[in-house]
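Q: Could you take me through one part of this model in close detail? I'd like to hear how a pair of packed helices meets, and what sits around the place where they touch.

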Amino acid sequence: MINTLKMCRRIADKRKNIGMTQGELAVRVGVTAQAVSKWERGISCPDISILDELAEILEMTVSELLGVA
């Protein structure tokens, strides 16, 4: 089972660790900075169609991103 709040924290932590702003991540995956902010606060989750790209940008696997690895 996927823990959504932990996934949100992983996105924020990895983004910060690689020195990327929410706006930069948003541009790379084709969403708004507000969408990234909502992911990181647990208000919403990334669309499944961008998980591969998001994981690659954050230098992790989709399994790691989702917390199922």
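A: Here's a walk through the contact between α2 and α3, followed by the residues and loops around it. Keep in mind that this is a predicted model.

Let's start with the geometry. Two packed helices are described by the angle between their axes and the distance between the axes. Here, α2 covers residues 22-29 and α3 covers residues 33-40; the angle is about 110° and the axes are 8 Å apart. That makes α2 roughly perpendicular to α3, since angles of 65 to 115 degrees fall in that class.

Who's doing the touching? On the α2 side you have Q22, G23, L25, A26 and V29, and they meet A33, V36, S37, W39 and E40 of α3. By character, that contact splits into six nonpolar residues, three polar ones and one charged one.

Now look at α2 by itself. Its buried residues are L25, A26 and V29. Looking down the axis of α2, those buried residues fall within an arc of 100°, so they line one face of the helix. As background, an α-helix has 3.6 residues a turn, so residues three or four places apart point the same way. The cover over the buried residues of α2 includes α3, along with α1 (4-17) and α4 (51-57).

On α3, the buried set is A35, V36, S37, W39 and E40. These pack against α1, α2 and α4.

E40 deserves a slower look. It's a residue of helix α3, and it counts as buried because its relative accessible area is 10%, with the cut-off for buried set at under 20%. Its side chain is joined to that of R15 by a polar contact of 2.5 Å, and a second polar contact, of 2.7 Å, links the side chains of Q22 and E40. Leaving aside neighbours within four places in sequence, E40 is in contact with C8, I11, A12, R15 and Q22.

Follow that link to R15 and you land in helix α1. R15 is buried too, at 7% relative accessibility. Setting aside neighbours within four places in sequence, R15 is in contact with M20, T21, Q22, L25, E40 and L58.

The other partner, Q22, belongs to helix α2. Q22 is partly exposed, with a relative accessible area of 26%. With neighbours within four places in sequence left out, its contacts are R15, A33, V36, S37 and E40. Q22 and V36 are 14 residues apart along the chain, yet their C-alpha atoms are separated by 6.0 Å. So R15, Q22 and E40 hang together as a group, because R15 and Q22 are both among the contacts of E40, and Q22 is also a contact of R15.

Next, the loop between the two helices. Just after α2, G30 takes a positive phi of about 80°. V31 then sits in the loop between α2 and α3, and it's partly exposed at a relative accessible area of 27%. Not counting residues up to four places away in sequence, V31 touches A26, V36, W39 and I50. A26 is one of the α2 residues in the helix contact, while V36 and W39 are among those from α3. V31 and L51 are 20 residues apart in sequence, and their C-alpha atoms are 12 Å apart in space.

The far end of α3 also has a glycine after it: G42, with a positive phi near 80°. Further on, S44 has its place in the loop between α3 and α4. S44 is partly exposed, with a relative accessible area of 28%. Apart from residues up to four places away in sequence, S44 touches C8, A35, K38 and W39. C8 turns up among the contacts of E40 as well. From S44 to T61 the C-alpha distance is 20 Å, with their positions 17 residues apart in sequence.

One last stop, away from the helix pair: E59, in the loop between α4 and α5 (62-66). Most residues other than glycine have a negative phi, and most peptide bonds are trans. E59, though, has a positive phi of about 60° although it is not a glycine. E59 is exposed, with a relative accessible area of 57%.

Methods. Residues are numbered from 1 along each chain as its sequence is written. This is a predicted model: local features need pLDDT of at least 70, side-chain atom pairs count only at pLDDT 80 or more; totals for chains, interfaces and linings use all residues. Side-chain values use heavy atoms; hydrogens and water are left out. Axes are lines fitted to C-alpha atoms, for helices over the stretch in contact, and angles run from 0 to 180 degrees between N-to-C directions. Helices (H or I, at least four residues) and strands (E, at least two) are DSSP runs, numbered from the N terminus. Angles under 35 degrees count as roughly parallel, over 145 as roughly antiparallel, 65 to 115 as roughly perpendicular and the rest as oblique. Contact means heavy atoms within 4.5 Å. Ala, Val, Leu, Ile, Met, Phe, Trp, Tyr, Cys and Pro count as nonpolar, Asp, Glu, Lys and Arg as charged, and the others, Gly among them, as polar. Buried means under 20% relative accessible area, exposed over 50%, partly exposed in between (1.4 Å probe, protein chains only). A polar contact is a pair of N or O atoms within 3.5 Å; within protein, one must be able to donate a hydrogen and the other to accept it, and residues adjacent in sequence count only if both atoms are side-chain atoms. The arc is that of the directions from the helix axis to the C-beta atoms.
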